[in-house]
Every structure is written in C-alpha cells, then in structure tokens.
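Hi,

Here is the structure I promised to pass on. Have a look at it first, and my notes follow underneath.

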Amino acid sequence: MKAASSHIRLGAAAALLLISCSTANAMKVTSCRTISSWEEFTEALDTPDESGNVVNFCPFDITHNGDEDDGYDVTTDYLRVSCDKKTGTAGDAVEQVTANAWGRRKMAFSNEPISGEDPPKCIIRGTARHLNVNSKAMTMIGFDMYGSANSAIRIEAGASMTTLTEMAFVENEGSGALSIASGATKTTVLHCEFTSNEAAEGGGGGAIQTDVDGADLMVYRSYFHTNSAPESSKGGAIFANTAFTVSRSEFLANTVADANGPAIYDADGTACDGGENIACLNTDLVTNEDCDGIYSDPTAICYAFDSACEFPSVTPTVSPTAKPTASPSFSPLAKPSAAPSGGAERCLPL
C-alpha cells in the first residue's frame, strides 16, 4: 500500500509539474530584454512584464563578484525568468539521444566545460551568491552559473514551488551550487546539469545540499558530473537531509574522500529512487569504494540504481567467442515461498 501511494504521489507531482510548465509556456513573450551588467539584470527582475510576471532575457554574459550577502532577493510570486537562446540545451557536455523513447541524453566525454556550448546563452559568472529565492512559484529557465564561491542559488525557507529548468551549474563552491533551506517546499530541478561543483569544507553536496525539515526536493532528468565534497564530507553530488525523489537522472564520476555517498547521501532515510536513473564511477577517493546510487545513512547501505555502471556512452565489450552452454535438461525448482530479502522497495524510505 505504501509503495502504491508513493507512486501515486510521484505521478501527481509530475502531472502538476507538466501543468505548471504548460502554463508558463503559454505566457505571452513578445521580446527579450538586453542587459550588460548585474545591476541591469536585477533591475529587470524588479520590473517584470505586467502581462504575467515574465522577464525574458536576450543572451548575455555578465559577472557578479562578492560573497553570500550579495545575493539578490527574489520576492515576487509567480515570477517566470527565462533566457531567449532560441536553440540549444543546458550544456555541451551531454547530447540528446532522440532514438531513445524518452529522449535520455548521453555523455559526450568532452574536455570542454559546459561554457563551450555553441548556442547563445545567458551566463552569470562571479564569486557572489547570485539569487536568494524567497517567493512562491518562481520558474527559472535556461541560465548558466559559473564560479560562485557562496552557492549560486539559495532557495530560502519561505519559498515554495520553485522550478529550475534547463539550468547549468559549473565550478561553483559553497553549501551546494544549489542550496535549499529548511522549510523551503516543493523545489523541482528539471533537465539541469551540475558539473565540477565542490562543497565547502565541512559541508556536503557539491551540486545540491538540502537542510533538514521540510526542504522537499524532486530531481528529474538531470545530470551530475564530477561534483565533489572535501575530505570527510558526505555527498559528492547531492546531500539530502529531507524528502527527496530522483528519477531519469545520470551521475558520473562524482567523488567523496573518506566519506559516504559519492553520488547521493541520504541523511535521514527518506530518499526515493523514482526509477530509470543511471550512475557509474561514483567513488570514495580514499577507500576506492564505489556507490552508484543512494547511500542511506540510517541503514549504512548503498542502494545502487538498476543501471549502475551501465552508462549509455560506455563502449561495449567485445562479443563473447564461446558459444552458450546447452539448455538445462532439468525443470526449474519450485517458486520460493518467501519473498527475497535485502532489497529496498522503490519510493519508500531506504
């Protein structure tokens, strides 16, 4: 019953997300705003279009240096902020596989960072905290954030229903490139990429860190590559300390050092593997142990994803030269009377 209820909740959440995205896309956007500085960026956020709280930016590349006290406070409810790049995706470190039924991406294994993407983009660079989201139902689409030393975006305790789509977070530091405060509710990360982000000393979650109590998070069809946590810090890519669901996402070569959870560290045992996740080479650099899935602290067990180390871009091995053995001559044994033990049910606390 619990498993069925969890799937219903996940399906309902996905349906609400699709509805919200459809509503956002239906908003009329007739032109994009041209800016050339951080000050102009925040001025535009203060003056959204009256016909639906929309701010649509033309591609730009700006710098915002400072510390965690320099983040712009987003307080406008139902604000939709987008980058009018016309074409392209969140980055060039992955490429779309159209032959796949649900359009999963695969790694391109490029030495170039996501900033090498060809299409015009909206880029925010610099060491400062860029945004503190403290509003209801903010949607942000298509921005790339590089080099913050203080978490690029902080979802504050008063925020709810924040959605980040087609975002790229590259080489940021702090309490996660994306930091989610205790009390922030219903944060969704959809089709985003996190590459080479590093958690601050004593922290965890190079890509995403959630605080305890109420900071529920859904991650869907997103990409986590070479994120890391410093020595003895848990969660190379994600440190989850509250309700958390991940599905159709990819984790490659994220690391910890003498700690647990190179891909995902689940502090309170409430993480949910929503299915179709892929992970490979997520490693503790000190012990050389892999955990290609969710490490649950309450059980001290690594729950590997079904497709762990079956990354779509890995070159297949050569075909076997030996022929298969003959078919067995005896009938299979009777079905076991007891259910198998040791496995964690999907979408229940691990």
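**Asn-172 and the rings**

The side chain of Asn-172 gets to within 2.8 Å of the backbone nitrogen of Ser-148, which is a polar contact (N or O atoms within 3.5 Å, one able to donate a hydrogen and the other to accept it; residues adjacent in sequence count only if both atoms are side-chain atoms). Before you read on: this is a predicted model, with local features needing pLDDT of at least 70 and side-chain atom pairs pLDDT 80 or more, while totals for chains, interfaces and linings use all residues. Numbering starts from 1 along each chain as its sequence is written, and side-chain values use heavy atoms, leaving out hydrogens and water.

Asn-172 sits in the loop between β13 (168-170) and β14 (173-174); strands are DSSP runs of E, at least two residues, numbered from the N terminus. With 0% relative accessibility, Asn-172 counts as buried (under 20% relative accessible area, 1.4 Å probe, protein chains only). Among the residues it touches are Met-145, Tyr-146 and Glu-198 (heavy atoms within 4.5 Å).

On to the rings: the whole structure has 13 aromatic pairs (Phe, Tyr or six-membered Trp rings with centres within 6.5 Å; planes under 30 degrees apart are stacked, over 60 edge-to-face, the rest tilted). Phe-194 and Phe-224 are stacked, at 5.0 Å centre to centre and 0° between the planes. Phe-194 is in β17 (residues 193-195) and Phe-224 in β21 (residues 223-225), so this pair ties together parts 30 residues apart in sequence. Both Phe-194 and Phe-224 are buried. Elsewhere, ring pairs link Trp-38, Phe-41, Phe-57, Phe-60 and Phe-143 into a cluster.

Cheers

Definitions and conventions
Helices (H or I, at least four residues) and strands (E, at least two) are DSSP runs, numbered from the N terminus. Buried means under 20% relative accessible area, exposed over 50%, partly exposed in between (1.4 Å probe, protein chains only). Lists of a residue's contacts leave out its neighbours within four places in sequence.
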